[in-house]
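Colleague: I should be grateful for a close look at one part of this model, namely its disulfide and the surroundings of that bond. Please set out what it joins and what lies around it.

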Amino acid sequence: MKKTLALASVAAFVVLSSGCASFAVSDDAIERNTAQALGLAKGSFTIADRVDDGVKASYTVKTNTGKQYSCYVTGSVSLLGRAVSDAICSEVGKGSNPAAGRSCNALLKAAGKC
C-alpha cells in the first residue's frame with residue numbers, strides 16, 4: 001500500500017510539474033544549449049531576462065564581443081527525466097532572413113533557407 005501511494009505521489013508530481021519551464025529547464029541546460037546553438041564557449045556570454053511561460057523559457061544573450069541574441073528553449077519532465085530542446089536564437093536587429101546578415105547554420109542549410 002505504501003509503495004503504491006508513493007508511486008502515485010511521484011506520478012502526480014511529475015504530471016503537475018511537466019508543463020513548467022521553471023522546473024524543467026535549469027540554468028545550466030540553458031547555458032549549454034545556447035553555447036551549442038551559437039557556436040560559442042560556455043562563459044563567453046551572459047544570459048539575462050529569463051521569462052518562463054508554460055513549457056517555454058525565453059531569455060536574452062549578450063556575448064563578450066557585444067552581440068545580442070533573443071533565444072528560447074522548451075522543456076518538460078517525464079518519468080525518464082528532464083528534456084530540454086535545443087536553443088533557438090536570433091540576433092537582435094537582424095530579422096529572420098538568413099540572407100539579411102544572419103549566419104547560416106546546419107539546421108538552416110538542411111531546411112533550404114540559405
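Modeller: A search of the whole structure, which is a predicted model, finds one disulfide. The bond is formed by C71 and C89, with their sulfur atoms 2.1 Å apart. The torsion about the S-S bond is about 115°, so this disulfide is right-handed. C71 belongs to strand β3, while C89 belongs to strand β5 (residues 88-91), so the pair ties together parts that lie 18 residues apart in sequence. Both C71 and C89 are buried.

The surroundings of C71 come next. C71 is a member of the largest nonpolar core, which has 14 residues. Together with I30, Y59, V61 and V73, C71 is among the residues that touch the most other members of this core. Three elements, α3 (27-38), β2 (56-63) and β3 (68-78), each supply at least two residues of the core. The largest share, four residues, comes from β3, the strand in which C71 lies.

Y59 shows how such a core residue is placed among its neighbours. Leaving aside residues up to four places away in sequence, Y59 touches C71 itself, and also Y69, S70, Y72 and V73. The contacts of Y59 further include I30 and T34, the run I47, A48, D49 and R50, and A87.

Strand β3 also contains G75. With a relative accessible area of 5%, G75 is buried, because buried here means under 20%. G75 and D86 are 11 residues apart in sequence, and their C-alpha atoms are 9.6 Å apart in space.

Helix α3 is the next element to consider, as it contributes to the core. The 12 residues of α3 should span 16 Å at 1.5 Å a residue, and the C-alpha atoms at its ends are indeed 16 Å apart, so expectation and model agree. Its buried residues are A29, I30, N33, T34 and A35. An α-helix has 3.6 residues a turn, so residues three or four places apart point the same way. Among the elements that cover the buried residues of α3 are both strands of the disulfide, β3 and β5, as well as β1 (45-53), β2 and β4 (81-84). After α3 comes G39, whose phi is positive, near 70°.

Charged side chains of α3 take part in salt bridges, of which the structure holds four. In one of them, D27 pairs with R50, the closest N and O atoms being 2.8 Å apart. D27 lies in helix α3 and R50 in strand β1, so this pair ties together parts that are 23 residues apart in sequence. D27 is exposed, with a relative accessible area of 56%, whereas R50, at 27% relative accessibility, counts as partly exposed. R50 is also one of the residues that Y59 touches.

A second salt bridge joins R32 to D28, with the closest N and O atoms 2.8 Å apart. R32 and D28 are four residues apart in helix α3, so about one helical turn separates them. Both residues count as partly exposed, R32 at 41% relative accessibility and D28 at 38%. D28 forms a further salt bridge with K42, the closest N and O atoms being 3.1 Å apart. This pair links distant parts of the chain, for K42 is in the loop between α3 and β1 and D28 is in helix α3, 14 residues apart. K42 is partly exposed, with a relative accessible area of 46%. Salt bridges that share partners also join D27, R50 and D52 into one network.

Finally, the whole chain gives the setting for this part. The protein has four helices and five strands, which follow the pattern α-α-α-β-β-β-β-β-α along the sequence. Of its 114 residues, 24% count as buried; C71 and C89 are both buried. Among contacts between residues at least 6 apart in sequence, 34% join residues at least 24 apart. The accessible surface of the protein comes to about 7,500 Å², and 58% of that area belongs to carbon and sulfur atoms.

Key. Residues are numbered from 1 along each chain as its sequence is written. This is a predicted model: local features need pLDDT of at least 70, side-chain atom pairs count only at pLDDT 80 or more; totals for chains, interfaces and linings use all residues. Side-chain values use heavy atoms; hydrogens and water are left out. A nonpolar core is a set of buried Ala, Val, Leu, Ile, Met, Phe, Trp, Tyr and Cys residues joined through side-chain atoms within 4.5 Å. Buried means under 20% relative accessible area, exposed over 50%, partly exposed in between (1.4 Å probe, protein chains only). Contact means heavy atoms within 4.5 Å. A disulfide is a pair of cysteine sulfur atoms within 2.5 Å. The expected span of a helix is 1.5 Å times one less than its number of residues. Accessible areas come from the Shrake-Rupley method with a 1.4 Å probe; for residues, only the protein chains shown count as cover.
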